[in-house]
Amino acid sequence: MTTTSSRRVRRYSGVLCLALAVLMSRAAVAVDLSKCGRCHAAPPVTVTAGPACVSCHSAEQDLAEDSAPAFTQALDAEPTEKPLDAAALKPRPALDSTELLPGMRVPLYYEHTRIGTHPNEMVHIPAGPFTMGTDERLPDEGPAHIVDLPAYDIDMYEVTNGQYKAFMDATRHRSPPQFENRTWPAGKVDHPVVGVTWNDAHDYCEWAGKRLPTDEEWEKAARGTDARRYPWGDGFGMTRANTPLYWNSQQREGDTSPVGAFAEGVSAYGLYDMTGNVWEWTESWYRAYPGNTHPNENYGEHYKTLKGGSWWDCSFYKCGISAPSFNRSFFLKTTKNNSFGFRCAKDAH
């Protein structure tokens, strides 16, 4: 990796991880991938060869160098915070702490579940049209168009560790990698389960008598019928969601948070964490929206769409906020990391 290439990686941060993966597959070199943060978690990540990357990012995802600036410039440039000062970082609250962080109505960690381990309570979304997508940002998010959906129900919260363990115990499904002895990490019973593939999410929802939401259902539940940018309105709220900007403002190392902890981040329909906390798998393939003529070789039935952004994403690296309600990402069904989770939906009766 040349010095010039290293500068490019820093400049375009997580977006270029895809291109970097392909470059690495062509020349086995030691590269620090800590900037690949749009969807990846737990830095620093150091990889010494390409195959580990291209297992998720195939050659079809290669981003041409001349396309990266436009991609990056199109990202939001809303609130910016000073970079984290590693030497001044405050420690995470202790597991037995009752400290409430700004915007949170419960401690970050606690022992006993407050919402239970049964499948999530659901919110009814009435039939009718809404505005999907936008004309103001990334090419794959547009054009803004009207989608008319039948009524459906969708989980109020992301599926938690405690709920996922109930599924594991009932079906002998494999554990996520962060579990030990088939049990969630201490203090995280109500945190969203992470480290799950699309297939894991699909199997949980099916076991619960539900299914994954489509891209369209997820976005309507998040932004309502008034085309709002975030679940709570059009302006970003630093203490309304678990985002990288939130942790940066607190000068703390980030983490997932108990579902529903950010009460003021609730959507118009009453859903929580539709911005931030974890990216959420959807049922939908990554396809172009109707009327979108921008070429993208990644469209088709190869990648599944994720929505919502996470506690750990591109904005951590000053690319801007990556979690407006119309934002979407795409990954192979087999991909998993500690910023991917899910919630379920079902047809209304």
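Buried means under 20% relative accessible area. The model discussed here is predicted.

Q: What percentage of the residues of the protein count as buried?
A: The predicted model holds 8 helices and 11 strands. Its accessible surface comes to about 14,400 Å², of which 52% belongs to carbon and sulfur atoms. Of the 349 residues, the share that counts as buried is 56%.

Q: What share of the contacts with a separation of 6 or more comes from residues 24 or more positions apart?
A: Contact here means heavy atoms within 4.5 Å. Among contacts in the protein with a separation of 6 or more, residues 24 or more positions apart account for 75%.

Q: In what order do the strands of the open sheet of 4 strands stand?
A: Strand 7 and strand 8 run antiparallel and are joined by 3 bridges. Strand 7 also pairs with strand 10, in the parallel sense, over 2 bridges. Pairing in this open sheet is therefore mixed, and strand 9 and strand 10 stand at its edges with a single partner strand each. The order is 9-8-7-10.

Q: Why is one side of strand 9 and of strand 10 left without a neighbour in the sheet?
A: The sheet is open, with the order 9-8-7-10. Strand 9 (328-331) and strand 10 (340-341) are at its edges, so one side of each has no neighbour in the sheet, because each has a single partner strand.

Q: Which residue in strand 8 is the bridge partner of Trp 281?
A: Strand 7 covers residues 279-285, and 5 of its 7 residues are buried. On the strand 10 side, Glu 280 has Gly 341 as its bridge partner. In strand 8, the bridge partner of Trp 281 is Leu 306.

Q: At what angle to strand 7 does helix 7 run?
A: Helix 6 lies across strand 7 and strand 8, at about 85 degrees to strand 7. Helix 7 (residues 215-223) lies across strand 7, strand 8 and strand 9. The angle between helix 7 and strand 7 is about 135 degrees.

Q: Against which helix do the buried residues of helix 5 pack?
A: Helix 5 spans residues 161-171, and its buried residues are Asn 161, Gly 162, Gln 163, Tyr 164, Lys 165, Phe 167 and Met 168. Just after helix 5, Arg 172 takes a positive phi of about 60 degrees. The buried residues of helix 5 pack against helix 6 (198-207).

Q: Is Lys 307 buried or exposed?
A: Lys 307 has its place in strand 8 (residues 304-307). Leaving aside neighbours within four places in sequence, Lys 307 is in contact with residues including Trp 218, Trp 279, Tyr 289 and Phe 326. The relative accessible area of Lys 307 is 0%, so Lys 307 is buried.

Q: The side chain of which residue is joined to that of Lys 307 by a polar contact of 3.2 Å?
A: The contacts of Lys 307 include Asp 215, Glu 219 and Glu 280. The polar contact of 3.2 Å joins the side chain of Lys 307 to that of Asp 215.

Q: How many residues apart in sequence are the parts that Asp 140 and Arg 328 tie together?
A: The side chains of Asp 140 and Arg 328 meet in a salt bridge of 3.9 Å, N to O. Asp 140 lies in the loop between strand 4 (128-132) and strand 5 (145-149), whereas Arg 328 lies in strand 9, so the parts tied together are apart in sequence by 188 residues.

Q: Which residues are joined into one network by salt bridges that share partners?
A: Arg 328 forms a salt bridge with Asp 215, the closest N and O atoms being 3.5 Å apart. That pair links distant parts of the chain, with Arg 328 in strand 9 and Asp 215 in helix 7, 113 residues apart. Salt bridges that share partners make one network of Asp 140, Asp 215, Glu 219, Arg 223, Lys 307 and Arg 328.

Q: What is the relative accessibility of Asp 215?
A: Asp 140, at 9% relative accessibility, counts as buried. Arg 328 counts as buried at 2%. Asp 215 also counts as buried, because its relative accessibility is 2%.

Q: What is the relative accessible area of Arg 211?
A: The side chains of Arg 211 and Glu 217 meet in a salt bridge of 2.9 Å, N to O. Glu 217 counts as buried at 9% relative accessibility. Arg 211 is partly exposed, because its relative accessible area is 25%.

Technical notes:
Residues numbered from 1 in each chain as written. Predicted model: local features only at pLDDT ≥ 70, side-chain atom pairs only at ≥ 80, totals over all residues. Heavy atoms only, no water. Buried < 20%, exposed > 50% of the residue type's maximum accessible area, 1.4 Å probe, protein only. Polar contact = N/O pair within 3.5 Å; in protein donor to acceptor, adjacent residues only side chain to side chain. Pairing = 2+ DSSP bridges. Axes fitted to C-alpha atoms, helices over the stretch in contact; angles between N-to-C directions. Areas by Shrake-Rupley, 256 points an atom, 1.4 Å probe, with all protein chains shown as cover. Salt bridge = Lys/Arg side-chain N within 4 Å of Asp/Glu carboxyl O.
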